[in-house]
Amino acid sequence: MDLEYSADERAFRDEVRAWLREHLPGELRDKVVRYAHLSRDDLLSWHRILAEKRWIAPAWPQEWGGTGWNVVQRYIFEEECGYAGAPPLVPFGLMMCAPVLLRFGTEAQKRRFLPRIYRGEDFWCQGYSEPNAGSDLAALRTQAVRKDDRYIVNGQKIWTTLAHMADWIFCLVRTDADAQRKQEGISFLLIDMRTRGITVRPLMLMDGRHEVNEVFFDDVEVPVDQRVHEEGKGWTVAKYLLGYERMNTARIGTSKRELELLKRFAAQQRRHGRPLTEDIRFRDKLARLEIELTALSITNLRFLDALRGGRAPGAEVSMLKIKGTEIQQLLTELMLEAAGPLAQAIGSADGARLDDPFLAALAPRYCNMRKTTIYAGSNEIQRNIIARHALGL
Amino acid sequence: MNFDRTEEQELIAAAIARFIERDYTFDARRRILESPQGCSDHVWRTMAELGLLGIALPTAHGGLGGGAVDAMSLMEGIGAALMLEPWLSTVAIGAQLVARGGSEAQCADMLPAVVEGRQKLAFADAESDSGHDLHRVVTRARQDTHGYVVTGLKRNVAHGAVADRLIVSVRTAGADDDREGITLLVIARDAPGITVHGLRMLDGTRAADITFDDVRAPRDAAIGAIDHALPLIEEVIDFATALVCAEAVGTIRSANAATLEHLRTRRQFGVPIGSFQALQHRMVDMTIEAEQALSMASLACSAVDHERDATVRARIVSAAKGRICDACRRVSQESIQLHGGMGMSDELKVSHTFRRLTAIAQQFGDADHHLARYAALAPRPLSSE
């Protein structure tokens, strides 16, 4: 048993690290590390830097620009990006739409969309959730009625992340209202956000930021050649995406960086005239968090090692999601606790510049990160998946 | 990075699996548990024949060499079968103290006897007020021209009544809680002046309170540096703690397997209770605990084998044991709850895994002890690693 990376893996990690040191713009890194707002341009500029290096889509087949890295290398790359403070890559095009096109798309669809996704020319969002279809996704009601060579789409999506920045949306829609099972009669459509009849309405969240939206479809016309896979087979596509290999779901690299920040930050805070890190109650919480992250990083490596042997990922991804998001949330909680009462001030009321924008970002960040145990299949849904598929219950 | 077992580790894993299936079923264990001695000589001989008493002991003295990682599958097996024999006391603590600190003569005298199953050892360390502290030693040994004269009381000495020899931590200098001034002495369990009071422990293992009343030990009974034995003790207890982490993984898996089987087969309201989401999610969390426990056990065993820096090693072991104490508590309590009243019955193995996991959560330090040690050993300033 060897818990360390091999010499080759270390060399690869060092290569990635050195490249990041040189090419990750300091300004972008600062924004990420200080929890500042990232604009569309911020997100896309990092995307394009990686695209130029041809590292933007490691998991794609090499003919479409993939790097040919194995699972361990892909994990190392993502962990290093997170640890370095690189902006997150918006996953909807790269890691969701593209794998679907690669698996189910026609040659024409691949040629039309993949290069633009690769180069960061199209910004994608995901049209899954609806007001009455959250965890019970198959209850979705947005309707697409076939009329000649088009579908006429009517309905509403909700919690659509970054729809206000997006050029395209991929949607699950109901194409057969009379299907016997609700999972049948669903299709997977690609829709241009500039199409007439689409309205995007911001949903402001408790962190005061605009991240998610409602998207309304009112007689929106979608050419039939923008349907992926057969009509009525959208659920197959959705399930494929759910099981799609995402071994970085625990975001170990990002959490390691944030833990280091938390420790530095807490050491500077004083309670009863002493550094907060000497407070036994806080110290124990910090120690437990650090140990949990250590355990998860090894669990992640163990799963990767098994995967490298060619086994398909199963319930492991769900475990990593549950534990990874619990840790991410606890980090924000302890950061807020460490900051103390001053962190309750989240902005200026008279337009003056804030003395300490980082301090002001901590409470909104704590609020924002509640999303992690809810999105991408809530942690309860993940437990259902493990119970069914790993435990056979 | 590689989590595969070596060929030799596979052989050990297969040997222990076959052995348990044949000689250590739950019924067999119950007979051993209820026997006067509380552990089985037959099992001990078999373990010696299989080479299991030589794991992690030097080849020069008949052992298989190797380290904690090589012993992991054995420990997982011991944990799953709830074995009652003094493997840990004898091989992982007693013989390790000798192998790492003893003279060539002591090694030659004791290690082959351990490997061949002729000698069992116990570590007489804990005292009434020592808690989990290894340095709080009140039992005194005064020195005269012939050697040492030991007086004191050692508590809860694991397998103290079946051991042929005791390795006793004694204070030869300094105050009761000084880190310096501790010496290790090998003393025969039946030496004059020793009184052994046998104890039955919650988890079914046996232990003993041992009184030393002017017990004499010759000068060459000392293992390792006189007055400076604490680093050796800490090194070996870290080694044993890492192995207990691996044992816990086996016990946790056993508890989980039994609980999962119960969820599948027990029917209420006309359906298997495993169809209820409230129970499924708890079972899932127990499964995740087992994965996290295995990760930390792997880390700890690897650290005690390879880490040269004693502070780093100790910190990793405490991280692992602290985490595994939490896992032991959660899994043991949930396994009983999900079994319902049946889980509390002595008849079911799961009530025995509960008791063992409760004991492991205390063995060599509870979660609070290890969290405190983990934090105390953090690199200064805390801000950077």
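Which residue follows α3(B), and what is the sign of its phi? In this predicted model, α3(B) is followed by B:G51, whose phi is positive, near 85°. The legends below begin with that helix and then turn to chain B and its partner.

**Figure 1. Close-up of helix α3 (residues 41-49) of chain B and its buried residues.** The buried residues of this helix are B:V43, B:W44 and B:M47. Viewed down the axis of α3(B), they fall within an arc of 100°, so they line one face of the helix. An α-helix has 3.6 residues a turn, so residues three or four places apart point the same way. The packing partner of the buried residues of α3(B) is α1 (7-23) of chain B.

**Figure 2. Close-up of the opposite face of α3(B).** The exposed residues B:H42 and B:E49 are carried on the face turned away from the buried side of the helix.

**Figure 3. Close-up of the contact between chain B and chain A.** Here 29 residues of chain B are in contact with 35 residues of chain A. On the chain B side, α7 (230-265), α8 (277-306), α9 (310-339) and α11 (367-376) each supply at least two residues. The largest share, 13 residues, comes from α8(B). By character, this side of chain B divides into 16 nonpolar, eleven polar and two charged residues.

**Figure 4. The fold of chain B, with its eleven helices and ten strands.** Of the 385 residues of chain B, 53% count as buried. Among contacts in chain B with a separation of 6 or more, 74% join residues 24 or more positions apart.

Methods: Residues numbered from 1 in each chain as written. Chains lettered and ligands numbered in written order. Predicted model: local features only at pLDDT ≥ 70, side-chain atom pairs only at ≥ 80, totals over all residues. Buried ≥ 20, exposed ≤ 12 C-beta atoms within 10 Å, placed from the backbone. Helix = DSSP H or I, 4+ residues; strand = E, 2+ residues; numbered from the N terminus. Arc of directions from axis to C-beta. Contact = placed C-beta atoms within 7 Å. Nonpolar A, V, L, I, M, F, W, Y, C, P; charged D, E, K, R; others polar.
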